[in-house]
Amino acid sequence: MAGRGRTSGVLASCLLLLAALVGCGGRPARDASAAEVQRVLDRRAAAVLHRDRSAFLATESPLAPAVGQLATGAEEFGNLRGVPLASWSYRVTAFHRSGARATATAELHYRLKGYDRAPVTAGRTLRLTRGDGRWYVVSDEPAKKSSEQLWEQGAVRIVRGEHSLVLGVGQPDPVLRGYANLADRAVPAASQAWGTDWAGRVVVLVPKSLDGMAGLLGAPASGYRGIAAVTTGEAGGTAKAPADRIVVNPDAYGVLGDFGRQVVLTHEATHVATRAHTTAATPLWLSEGYADWVGYRSSGRTAAQIAPELDRAVREGKLPAALPADADFGFSGDAGKLAKAYEGGWMACRMIADHWGEVRLDDFYRAVGDHRKRAGAVEGALKDVLGTTPQKFTARWQAYLKAQLG
């Protein structure tokens, strides 16, 4: 018994030592360097927020920047000058160390003062090196499948409107002022149709080119070649909807006339306005159709003028058998099919406004989004708000197309 007691004591000591080395639960102890890197990023974030260039550069490594890096940290710090930041922070989500070098994956969260109710979240990959007992940032780049930030593309120029904040790279101030003027007309138009239960202001990003737009969206440029603008931000469904950005394709936007430019900005502003009530339950024919309905609402133009592709199809006896499916709205597909999808959604919303009234159209939109799940959302809203069925609604829409077009 005495011998077994001594063995237990030795075993207990070994177990305590092992626990100290590997941590509880048999897992490797977390490298203290991860916590150190988080503190470095905390200092980096504070330096950005307080415009402290010296403090920011103190977190930067003297090593050469990564090949192909969009902009060095020092350049980005300068490019951010004037951008009204309300918050800026990092949260390390993964850390891998190899000697004096390390890679960290982090989430960057930031808000623009006076415009963002909730932060923008961007995935970042940081390369770091250790020297003099401290970690330094070698590069700070978009994480895989994450988008670029505007200040990575160049110095940001800023124009403030009454209801808008326009941030541009490689664009002269008069051009940016033109976007602000359009946005300042778009916001009241969206509020007049939808109501005022939203921020009532928009942020517009104007990169230098289509490639810059694609970088901001984290997607291939080919998918947006003919698209004048898009709105970022996933479906919210809460009062604290994610921060939206209207991202402009200056190449496509530049060929539009004054009327087309205004319609595009009003369409995108409407997406921002309706974001909190746009969920996974909302079909694209409704979200895009409603945004177009607001965009064209006061234009005075006829259905045939606004929906030429659908007008041609109706005249040729090719009446759509059903409302546009989500897949019909793919940017990389057939341009004619895409146009008909937008036109079909617009005609459906126009029909609701004409037959049931504009208030019912808004109520219908909200009722669909409030369902949260796609299954049964439209069917339920058709019954509860419009007092009809999917079959009767589709038949009425087809009859409306024939009456207004062709």
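This briefing describes a cavity, a sheet and a helix in the structure shown above. The model is a predicted one. It holds 1 cavity of 30 Å³ or more, and it also contains an open sheet of 5 strands with mixed pairing.

**The cavity**

- The structure has 1 cavity of 30 Å³ or more, and the space that lies in the largest cavity comes to about 100 Å³.
- The lining of the largest cavity is made up of 13 residues, and those that lie nearest its centre are Glu76, Trp88, Tyr90, Asp140 and Trp151.
- Two or more residues of this lining come from each of the elements α2 (32–49), α4 (73–79) and β1 (85–98).
- By residue class, the lining of the largest cavity divides into 8 nonpolar residues, 1 polar residue and 4 charged residues.

**The open sheet**

- The 5 strands of the open sheet follow the order β5-β6-β7-β9-β8, and their pairing is mixed.
- The edge strands of this sheet are β5 (156–160) and β8 (229–231), each of which pairs on one side only.
- On average, and with direction ignored, neighbouring strands of the sheet are turned by 20° against each other.
- Within the sheet, strand β6 (residues 164–169) pairs with strand β7 (residues 202–206) in the parallel sense over 5 bridges, and Val202 in β7 is the bridge partner of Ser164.

**The helix across the sheet strands**

- Helix α8 (residues 258–274) lies across the strands β7, β8 and β9 (246–248), and with respect to β8 the helix runs at about 10°.

Conventions
Residues are numbered from 1 along each chain as its sequence is written. This is a predicted model: local features need pLDDT of at least 70, side-chain atom pairs count only at pLDDT 80 or more; totals for chains, interfaces and linings use all residues. Side-chain values use heavy atoms; hydrogens and water are left out. On a 1 Å grid over the protein atoms alone, a cavity is a set of points where a 1.4 Å probe fits but cannot get out, and a pocket is an open set with protein on both sides within 12 Å along at least five of seven lines; lining residues have an atom within 4 Å of a point. Grid points are joined across faces, edges and corners, and a volume is the space filled by probe spheres set on the points. Helices (H or I, at least four residues) and strands (E, at least two) are DSSP runs, numbered from the N terminus. Ala, Val, Leu, Ile, Met, Phe, Trp, Tyr, Cys and Pro count as nonpolar, Asp, Glu, Lys and Arg as charged, and the others, Gly among them, as polar. Two strands pair if DSSP finds at least two bridges between them. Axes are lines fitted to C-alpha atoms, for helices over the stretch in contact, and angles run from 0 to 180 degrees between N-to-C directions. Contact means heavy atoms within 4.5 Å.
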